[in-house]
Amino acid sequence: MFKDYKDEIILTLLIIIISPILIYLDLFDLIYNFTRAHEEYQLGQYFIIFISILIALALYSFKKVKDLNNIKKELILNHETDSLTSLKNRTAFLQYNENKYKYVILLNIIDFSVFNKYLGFKKADKLLVLVANELKKIVKENTDEELFRIYGDEFAFYSNHNNVTELLRTIKLTFEKKSFTLDNYEFTIHLNLAYSSTYPKYLTAVSALHFARNSIHKSIYNYTEELDSKSDSLKMLHTLKEGFSSNNVIPVYQAIYDNASKTTYKYEALVRIKQEDTLISPYFFIDVAKKFKLYHKITEEILKHTFEDFKDISDEFSINLSYIDIINANTNKYIFKMLEANPQVAKRLTIEFLETENIMNYEILIQFTEQIRKFGAKIAIDDFGSGYSNWNNVLKLRPDFIKIDGSLIQNLLNNQDNINIIKLIVEFSKINNIKTVAEFVDNDKLAELIIELGIDYSQGYLYAQPKEKHLIWNT
């Protein structure tokens, strides 16, 4: 209780102490003579007490102003400091004059959501603090600049470095050589980096980071106006429509490797828009296609191209279908039209369904799978294990293949939790006579572990990149 009135108690004590001091000091005579000269006002010693009060109030006011300044500084510090990592935050970052620096540089952790998902938020936060401290140290050593946490797994700093590309390569390489230990698990973490010298630098760097996050080729991006044009919905809509009219919405094919025979088992068809010598990833146009109700046309184009491509090729292949393809009456009709017109091709087809999609009615999906099986086609569940998998519904579909979600595979090494999940999926699949496929296999150690865990097939850049038909079969 007394703490709440500390300053007021001090003020009262000051008045009590100052009054006798003023009376005792030589100043008393001056004050006394002044009061005698103005006796008609009856000032007397009450005037001395009044002076004491004024002095005490002045001191009190001085202390309050000082306290307010300290509180203000503390509030500003808290407002500009990230509570988790203790780095300065986005507010502090944006208060800098970016024109004093040549570049704004952004960094983000690749797929940190996986750590949140499998470690839980509290443990993932501990890991993020370790990462932030290491990044801060590396940035300081290489640039002498301050690192900021923008939000989530995204960080930033300013730079006037002459060779920014080489700087970012050094930061990325140095950081990714480090490992982080948490609860006896060792993690290696990878970075996306983006930079911009184009005003407004922060916003254009954000645009570049957007591309880095979703690129399958590059993890360091420089902002260019070309990037912005690719992210513009209306321009992408135009690109998509041009692709349809010029027959350039095409499939590329990625080989799926048989871990037992050490040979290519089949190919997965993946959609791209061909624009001169560039193949545009679906990341840039799938959402636009859905927004403008053109998604069904993509499915129809891929079906048309793949059936034509595999008409004279004996290999097996797979295509991706979504729940919205199946419930779309026109698309559904087109699928069965292609199966009926190409019975020999249909026997080599596997249709992959996304396990994570918002499937409203499994009965519709079950009926669809029963119909396509009549043509000899097989069924695969894609991205299995990425969500709260309903294994009972999976059994109802009776898939021939389960493709294990890439986020589990990418973080498999030195991660016993993921290894245990994979073991469970493999055991479940073997009991139910379902073959398993590992996605995103990109290094030898991971490939060896996948084989050791008993996964039947592997797919990833270690074995093959997605390519156009003529680059695979030379036709």
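How much surface does the chain expose, and what share of it do carbon and sulfur atoms supply? In this predicted model, the exposed surface of the chain comes to about 26,000 Å², of which carbon and sulfur atoms supply 53%. The chain contains 475 residues, and buried residues account for 46% of them. Its secondary structure comprises 21 helices and 17 strands. When contacts between residues at least 6 apart in sequence are considered, 67% of them are found to join residues at least 24 apart.

On the surface, a nonpolar patch is formed by Ile324, Ile327 and Ile364, which together have about 230 Å² of accessible area. One of these residues, Ile327, belongs to helix H13, which covers residues 323-327. The relative accessibility of Ile327 is 45%, and Ile327 therefore counts as partly exposed, since that class lies between the limits of under 20% for buried and over 50% for exposed residues.

Further along the chain, helix H19 takes in residues 416-431. For its 16 residues, a rise of 1.5 Å a residue leads to an expected span of 22 Å, and because the C-alpha atoms at the two ends of H19 are 22 Å apart, the expected span and the model agree. Within H19, the buried residues are Asn418, Ile419, Ile422, Ile425, Val426, Phe428 and Ser429. Just after H19, the backbone at Asn433 adopts a positive phi of about 55°.

How values were computed:
Residues numbered from 1 in each chain as written. Predicted model: local features only at pLDDT ≥ 70, side-chain atom pairs only at ≥ 80, totals over all residues. Heavy atoms only, no water. Helix = DSSP H or I, 4+ residues; strand = E, 2+ residues; numbered from the N terminus. Expected span 1.5 Å × (residues − 1). Buried < 20%, exposed > 50% of the residue type's maximum accessible area, 1.4 Å probe, protein only. Contact = heavy atoms within 4.5 Å. Areas by Shrake-Rupley, 256 points an atom, 1.4 Å probe, with all protein chains shown as cover. Patch = residues over 30% accessible without salt bridge, like charges linked within 9 Å, V, L, I, M, F, W, Y side chains within 5 Å. Salt bridge = Lys/Arg side-chain N within 4 Å of Asp/Glu carboxyl O.
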